[in-house]
Amino acid sequence: MKPPATRRRVGAAGIAAGLASSPVQAQPAARSLTVTTTGIIASPNPYAHSSSHLYSIWQQVYGSVCRFNFKEGRYEGVLTESWSNAEPTRWRFKLRTDLKRHDGGPGPTAKDVVHSWRRVMTDPASQQAFIFSEVDRVEAVDDTTFDIVTKRPVAQLLSYLTDFFSVSSADLFEKHGAAADKQAPYGWGPYMLERFDVDQRVVVKRSPHWPGLAANAPDIAIFQMMLEPEQRVTALLNNEVQIARVIPPQLVDRLKGAAGVRTVVAGAQEFMFLAMNSKHKPWDDVRVRRAAAHAVNRDLIIDKLLFGLADRMDGAVNKHQNCYAPARNALQYDPKKAKALLAEAGYANGVDIDLYTAVGRYISDRQVAEAVAQMLGRVGFRVKLHTPEYANFTQDIRAGKLPMFYTGRAAKSDVVEALTQLFETGVTKRIGYSSKELDGHFDKLRSEFQPEAQCGLLHQASEHLASEVPALFMWTHKVVQAMRANVDWTPDAGGEVWLPDVRMS
């Protein structure tokens, strides 16, 4: 089999035509689906990113250990068929035996899993080491069995792995080295890579080796990078794309009543937050952080800028996650209290701050940041707003360089992994917050395998974060997804498109 056309310059129509024809007899036209993505398409290295849209694509190409099925409300294996944790620090996984690699090679093995883990941890380009922050080692037991041994009990291990950890071929990497990502990107997922165009698109086609893929699932799927919302809406109306994701509230009316188009509103687990990095002044003072929290009128932003299409968060757990409950001491809008706190902290005459946001990555992100800047200005913060390129924005966040920023964090039904990444001492530099009390809550959460007890501990952590406000939890969006009438797809709270769930007519 020839390598995927990651280097060919052919359009989607050409790919579809190629799949729809045969030298022997004519075949039905290929079902071609184009999906917009608002994330950057930067590298064919499946480990050189930390973005939900690319995690989703790669788990459909290479295959992931497991994913979360929102419809059924449970974790399910992609390359695995079962798992157990008989010991608190050892999880055992069994791989499926009914899969073939896209080039006709053997199914996934424990060797492939160990190879992928090592690559995540050692590849200089990898941005995914945090997935394994609680893992001591990954061990092959036999060809189809592997163990993940954690440094301490981690009841939420599946949440760390779910939708994130993709498994690539050890044999192909041994043969091609890092060039395997371009020359032989064969995996075991339901779709195989056809081409990867940096900063443009990813094209995949259905794998003949994936069991049970519906006949009317897409034959070809093109993930087209479109950062501008207007462009996404226009492309959908012109049938240039069939699924336009993340339509901002102000553009929804353009789609109402449009022939051949429908919109669906779905809640989201991804939470938006305003981070205040404690390693930068004045955010090392909790009084200043509380002042900022009291200054922001989230309800007004939701009503006026987001057209009501968001659910306000009062605490670290949102309504689409396990253990949801508002924090009792969540700080509310109170500009008078904000001014008093600033004065108490020594800034009666105001203080200069820098606020950073992406533009076009999240719904109305620039407009939200501008509104936040105005609200902060009314209580004494002198705000300089920065709008860097998204790649630089995320790189600087990871390096801990940004003092204050508005962004989102993809999350699972179990939010512990997301919270520990942001707020546990020493895990990352993103927010620079450290608290022995909060670390203690996280330690207890990891060791508690009973769901009811986990919720109690998570609520304690949420109360702590609501009081100390290293970040102000803003809201989860009610995301408007739009599609052509010939596409049957039900968006879930994860927001990404799992192609085997799509039906086309």
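In this predicted model, a disulfide joins Cys-323 to Cys-455, with the two sulfurs 2.0 Å apart. A search of the whole structure turns up just that 1 disulfide. The torsion about its S-S bond is about -70°, so the disulfide is left-handed. The link spans distant parts of the chain: Cys-323 sits in the loop between β13 (310–312) and α10, while Cys-455 belongs to helix α15 (residues 451–468), 132 residues apart. Cys-323 is buried, at a relative accessible area of 16%. And what about Cys-66, how far is its sulfur from the closest cysteine sulfur? The answer is 19 Å, to Cys-323, which is too far for a bond. Cys-66 is buried too, with a relative accessible area of 0%.

Next come the charged pairs. Side chains of opposite charge can pair when their charged atoms come close. The count here comes to 42 salt bridges. One of them pairs Arg-446 with Glu-424, whose closest N and O atoms are 2.5 Å apart. Arg-446 lies in helix α14 (residues 436–447) and Glu-424 in the loop between α13 (416–423) and α14, so this salt bridge ties together parts that are 22 residues apart in sequence. Is this pair buried or exposed? Arg-446 counts as buried at 1% relative accessibility, and Glu-424 counts as buried at 7%.

Elsewhere, Arg-287 forms a salt bridge with Glu-344, the closest N and O atoms being 3.9 Å apart. That pair, too, links distant parts of the chain, with Arg-287 in helix α8 (residues 286–295) and Glu-344 in helix α10 (residues 335–344), 57 residues apart. Arg-287 is partly exposed, at 27% relative accessible area, whereas Glu-344 counts as exposed at 52%, since the cut-off for exposed is over 50%. Asp-303 and Lys-304 make another salt bridge, at 3.8 Å between the closest N and O atoms. Here Asp-303 is partly exposed, with a relative accessible area of 45%, and Lys-304 is exposed at 57%.

Some salt bridges share partners, and these join Glu-87, Arg-90, Arg-92, Asp-136, Arg-137, Glu-139 and Asp-147 into one network. Two members of that network also turn up in a strand pairing: Glu-87 stands opposite Arg-90 in β5. Strands β4 (residues 80–87) and β5 (residues 90–95) run antiparallel and are joined by 5 bridges. Between them lie 2 residues, and the two strands form a hairpin.

As for the interior, nonpolar side chains in soluble globular proteins tend to be buried together. The largest nonpolar core in this model has 74 residues, and Phe-381, Phe-423 and Trp-475 touch the most other members. Helix α11 (residues 365–379) supplies the largest share of this core, 8 residues. A second core, separate from the largest, holds 61 residues, among them Tyr-55, Val-61, Ile-148 and Val-487.

Helix α2 (residues 52–63) is mostly covered, and how many of its residues are buried? The count is 11 of 12. The buried ones include Tyr-55 and Val-61, along with His-53, Trp-58 and Gly-63. What covers them includes strands β1 (32–37), β2 (66–69), β8 (191–197), β9 (201–206) and β10 (220–225), as well as helix α6 (180–183).

Methods:
Residues numbered from 1 in each chain as written. Predicted model: local features only at pLDDT ≥ 70, side-chain atom pairs only at ≥ 80, totals over all residues. Heavy atoms only, no water. Salt bridge = Lys/Arg side-chain N within 4 Å of Asp/Glu carboxyl O. Helix = DSSP H or I, 4+ residues; strand = E, 2+ residues; numbered from the N terminus. Buried < 20%, exposed > 50% of the residue type's maximum accessible area, 1.4 Å probe, protein only. Pairing = 2+ DSSP bridges. Core = buried A, V, L, I, M, F, W, Y, C linked by side-chain atoms within 4.5 Å. Contact = heavy atoms within 4.5 Å. Disulfide = S-S within 2.5 Å.
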